[in-house]
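Grab a pencil and try a few short exercises on the model shown here. Each one comes with a worked solution, so have a go before you read on.

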Amino acid sequence: MTDDKKTLTTGFGMPVDNDLNSVTAGPKGPILMQDIHLLDKLSHFDRERIPERVVHAKGAGAHGYFEVTHDVTKYTRARFLSEVGKKTEVFARFSTVGGEKGSADSERDPRGFALKFYTEEGNYDMVGNNTPVFFIRDTLKFPDFIHTQKRNPATNLKDADMFWDFLSLTPESIHQVTILFSDRGTPSSFRNMNGYSSHTYMWYSKKGEYYWVQLHFKTEQGIRNFSGPEAEQMRGIDPDVATRDLYEAIAKGDFPSWRLEVQIMTPEQAKDYRFDPFDITKVWPHGDFPPMDVGRLVLNRNPENYFAEVEQAAFSPGNFVPGIGPSPDKMLQGRLFSYHDTHRHRLGSNYHLLPINAPKACAMNSYQRDGHMRFDNNGGGGPNYWPNSFGGPDPNPEVAPPPIDVAGMAARHAYTLGDVDFVQPGDLYRKVMTDVDREHLVNNIVSHLKNAQKRIQLRQTALFYKADADYGRRVGNGLGLDMEQVERLAAMSQEERVAATRK
Ligand code: NDP
């Protein structure tokens, strides 16, 4: 045997003499309990599956780097952004949202756009989507929303009634629904889409000045989408089309890249802005907050092992570094809790020690101890409490974020925004989309919404009409609805509309 030819062993390292025949009592069996290798092999196989992610289950990932191209030190003290030319190692994972782990890549769905920056001040995660907005703005609605995008509890089928019932009862979803049903809802690959922080975040400088920011990763491959019929066909031709595309492009040296732009709003601008800048159902118009260049993301290395690097990768919008922090965005606030929580369920309490999740460019010096699968030295003999006088790590007050002024009555405050939710989807339809975009949007909606009950079609079409009369009319005509009825519903308040379309 040559040096590089390894001997097969059990999981505990004992050399295995034979991997073809179980140990049996005589040539015809039965198998003996003492076949330790067989028991080891079967029992590990029985436990190969870990819980699937509740959302973003189907994904692909790659390694790469981020390079700073413009000076942003006025706005943030984050060290990985401190110098033009500075490079930081990154791991990226792209995904669909609602489908199971084996679902098709070309489904109509937002795409996850998650980045882990291995910085010298800890891991910073940017956990965004390929859409700049979201369906809901309060995290309390998230479990309900996701239930409606998954399967009917009785039939275990995707259900157009559930899907559109919830959306039509949640008018703030109209902006994201308009983007989702445009061809941007079916990107032709992960390389051909943008990534957005969607949320507003805080950047703060060394001087203690802070800014609200939104991040945009703009694809350098150009936006390319499947039309509705192309996406549907692709689900049969190659359900893994985006996973394959990413892997094959990187394998042949065609490295995908994105330019990072940031929109910046001062706290003073935020106070008087014409809508809530922390409402994730809105974008900040480029005219008001022009995007500024920051840097460039390049993906140049495929994972060697999918499970170790992609399936076990765990991102959290709560993974910040000094210089970056949260905003009051109510969707973000819930995600700050939920991501770590779901990873602890999916991967275990020490998931942060897994090689793909552990800091690479700095030490991890916490007082967290024990828990399932603690596979480092668990803090050795050092102190496991703070404060201590035995040389354990101390907090560093110099990295504290600036104080933020918050006040108000503790209550379940409703948004009272009037019709402001319809302004931006209307602008998107009228000003940004081309004739072809509008035609595809209407066709994509009609081919899906036609499967819902008539009263739900009417309620939802009234929302499209409120965003833009032409938009509502074309969807209504495509569905064969009575347009006078749609217009009457559109003129009502949401409460009246719901009452008028009750079962
Ligand atoms: P701009 O004309 O400055 O920007 C329009 C933006 O829309 C561009 O970023 C473009 O992205 C994007 N876009 C083009 N087609 C679509 C589509 N089918 N679905 C989603 N986005 C698309 O306008 P404003 O900033 O004033 O915003 C107008 C509307 O554009 C908004 O109401 C919003 O719906 C949409 N939008 C705005 C963004 C923002 O951050 N301001 C970001 C994305 C969308 P690209 O350059 O990559 O083609």
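What follows is a set of exercises on helix packing, a salt bridge, a surface patch and some backbone details.

This is a predicted model, where local features need pLDDT of at least 70, side-chain atom pairs count only at pLDDT 80 or more, and totals for chains, interfaces and linings use all residues. Residues are numbered from 1 along each chain as its sequence is written, and side-chain values use heavy atoms, with hydrogens and water left out.

**Exercise 1.** Work out how helix 3 and helix 12 pack against each other.

Step 1: find the elements. Helices (H or I, at least four residues) and strands (E, at least two) are DSSP runs numbered from the N terminus. Helix 3 covers residues 160-168 and helix 12 covers residues 454-467.

Step 2: get the geometry. Axes are lines fitted to C-alpha atoms, for helices over the stretch in contact, with angles from 0 to 180 degrees between N-to-C directions. These two axes come within 9 Å and cross at roughly 45°.

Step 3: classify the angle. Under 35 degrees is roughly parallel, over 145 roughly antiparallel, 65 to 115 roughly perpendicular, and the rest oblique. Helix 3 and helix 12 are therefore oblique to each other.

Step 4: give the hand. A crossing is left-handed if the near helix is turned anticlockwise from the far one by less than a right angle, and right-handed if clockwise. The crossing of helix 3 and helix 12 is left-handed.

Step 5: list the contacts (heavy atoms within 4.5 Å). D161, W164, D165, L167 and S168 of helix 3 meet I456, R459, Q460, L463 and F464 of helix 12.

**Exercise 2.** Do likewise for helix 11 and helix 13.

Step 1: helix 11 (residues 435-449) and helix 13 (residues 469-479) have axes 9 Å apart, at an angle of about 45°. This pair is therefore oblique.

Step 2: helix 11 passes helix 13 in a right-handed crossing. Among the contact residues are L441 and I445 of helix 11, and Y471 and V475 of helix 13.

**Exercise 3.** Which parts does the salt bridge between K58 and D105 tie together?

Step 1: a salt bridge needs a side-chain nitrogen of Lys or Arg within 4 Å of a carboxyl oxygen of Asp or Glu. K58 and D105 qualify at 2.8 Å, N to O.

Step 2: K58 sits in the loop between helix 1 and strand 1 (59-68), and D105 in the one between strand 2 (87-96) and strand 3 (111-119), so the bridge links parts 47 residues apart in sequence.

**Exercise 4.** Locate the cis peptide bonds before P30 and P387.

Step 1: G29 and P30 are joined with omega about 0°; P30 lies in the segment before helix 1.

Step 2: W386 and P387 are joined with omega about 5°; P387 is in the loop between helix 9 (330-347) and helix 10 (423-432).
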